[in-house]
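I opened this notebook to record what I looked up in the model, starting with single residues in loops and going on to a strand and the pockets.

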Amino acid sequence: MSNFYEAEVLSVHHWTDRLFSFTTTREPSFRYQSGQFAMIGLDVEGKPLMRAYSMVSPHYEEQLEFLSIKVPDGPLTSHLQNIRIGDCILVGRKASGTLLSQNLLPGKHLYLLGTGTGLAPFMSIVRDPDIYEKFEKVILVHGCRQVDELAYQKRIAEDLPSDEFLGEIVAGRLVYYPTVTREPFENQGRIPDLLVSEHFYEKLGVPPLDVGTDRFMLCGSPAMLKDTVEVLETHGLTEGNMSRPGHYVIERAFVDK
Ligand code: A2P
């Protein structure tokens, strides 16, 4: 059996000229936990060209959803950005990733910190009822350059709270903090700067960073990860992994994307 299967593209949404998302069919045997990623790609010049992509869709959804940047000369995304309904993409049969609550020590507040397409795994996690059994509050911070890059704003801020099943679970528990760095917006600033800002915690309605109560999941560019980890480590937080849970976890799969 091949390591990949073909999934059919069911919808494509172009958010900006740098960002798009799409849904595909899902093979019933393809299982994953919310927050994980799979290798996905296309046949390019007769060879499978695959990259790690987090599932935007929670583990229980029938379809798969992915969020992608468009790099004009990117080996994969220069092709992937042209996919249309009915096309096929390749999906790896195995999911993996470190953004799992079992890699974190018990806590009260879970911060999901993502920049750009780093939002993707968190879209899956905030729609997984299990996470609300483990944390009192789930705080989703999404940082982008521009307002129109804040993908899924409506889904997070409107559709989720009014969802028949999830609405009740997320009420008063899920806090969404979109932030923009290169144009005016209600929230501004880079994530590492926010983490040391009193104003940020006041707006969220929670006490400032506390190693005793706060846990973190990070997904973004190498520079964002480095600067954010620096702040967390200064506050005494340690990284968790599959063998030893900690105060924060990082998705490193996208470093070379
Ligand atoms: P900035 O506009 O100040 O560069 P990108 O689209 O380049 O991946 O950026 C997504 C978001 O991540 C932008 O808001 C960008 O801010 C921010 N960002 C870039 N570098 C860092 C960093 N070292 N730490 C935190 N955020 C960063």
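**Loop residues**

I began with Y32, which is found in the loop between β2 (19–24) and β3 (37–44). The model I am reading is a predicted one. I then asked whether Y32 is buried or exposed. Its relative accessibility is 7%, so Y32 counts as buried, the cut-off being under 20%. I also looked up how far Y32 lies from G236, and found that their C-alpha atoms are separated by 31 Å, with the two positions 204 residues apart along the chain.

Next I turned to E45, which is found in the loop between β3 and β4. Its phi is near 50°, which is a positive value in a residue other than glycine. E45 has 80% relative accessibility and therefore counts as exposed.

Y152 also went on my list, since I noted for this residue a positive phi of about 65° although it is not a glycine. Y152 lies in the loop between β8 and α4 (153–159), and at 2% relative accessibility it counts as buried.

The last loop residue I checked was N187, in the loop between β9 (174–180) and α6. N187 is buried, with a relative accessible area of 6%, and I wanted to know which backbone oxygen lies 2.9 Å from a polar atom of its side chain. I found that this oxygen belongs to P178.

**Strand β7**

I looked up how strand β7 (residues 109–115) sits in the structure, and found that six of its seven residues are buried, so the strand is largely enclosed by the rest of the structure. I then went through its pairing partners. With β8, strand β7 pairs in the parallel sense over seven bridges, and I noted that L110 stands opposite V138 in β8. With strand β10 (residues 214–219), β7 is joined by six bridges, and these two strands also run parallel. Here I noted that Y111 stands opposite F216 in β10. As a reminder to myself, side chains in a regular strand alternate between the two faces of the sheet.

**Pockets**

I looked up the largest pocket and recorded a volume of about 980 Å³. It is lined by 35 residues, of which T115, G116, T117, G220 and S221 are the closest to its centre. The elements giving two or more residues to this lining are β4 (47–54), β5 (64–69), α2 (120–125), β8 (137–144), α6 (191–194) and α8 (222–234). Which of the elements gives the most to the lining of the largest pocket? I found that α8 does, with four residues. By residue class, I wrote down 16 nonpolar, ten polar and nine charged residues for this lining. I also checked where the largest pocket lies with respect to the domains: domain 1 (4–92) and domain 2 (101–250) both give residues to its lining, so the pocket lies between them.

For the second largest pocket I recorded a volume of about 200 Å³. Its lining is made up of 13 residues, and those that lie nearest its centre are Q33, S34, S101, D128 and D130. The lining of the second largest pocket divides into five nonpolar, five polar and three charged residues. This pocket, too, lies between domain 1 (4–92) and domain 2 (101–250), because both give residues to its lining.

Methods: Residues numbered from 1 in each chain as written. Predicted model: local features only at pLDDT ≥ 70, side-chain atom pairs only at ≥ 80, totals over all residues. Heavy atoms only, no water. 1 Å grid on protein atoms, 1.4 Å probe; cavity = no way out; pocket = protein on both sides within 12 Å on 5 of 7 lines; lining within 4 Å. Points joined across faces, edges and corners; volume = space filled by probe spheres on them. Nonpolar A, V, L, I, M, F, W, Y, C, P; charged D, E, K, R; others polar. Domains from an automatic or database assignment. Buried < 20%, exposed > 50% of the residue type's maximum accessible area, 1.4 Å probe, protein only. Pairing = 2+ DSSP bridges. Polar contact = N/O pair within 3.5 Å; in protein donor to acceptor, adjacent residues only side chain to side chain.
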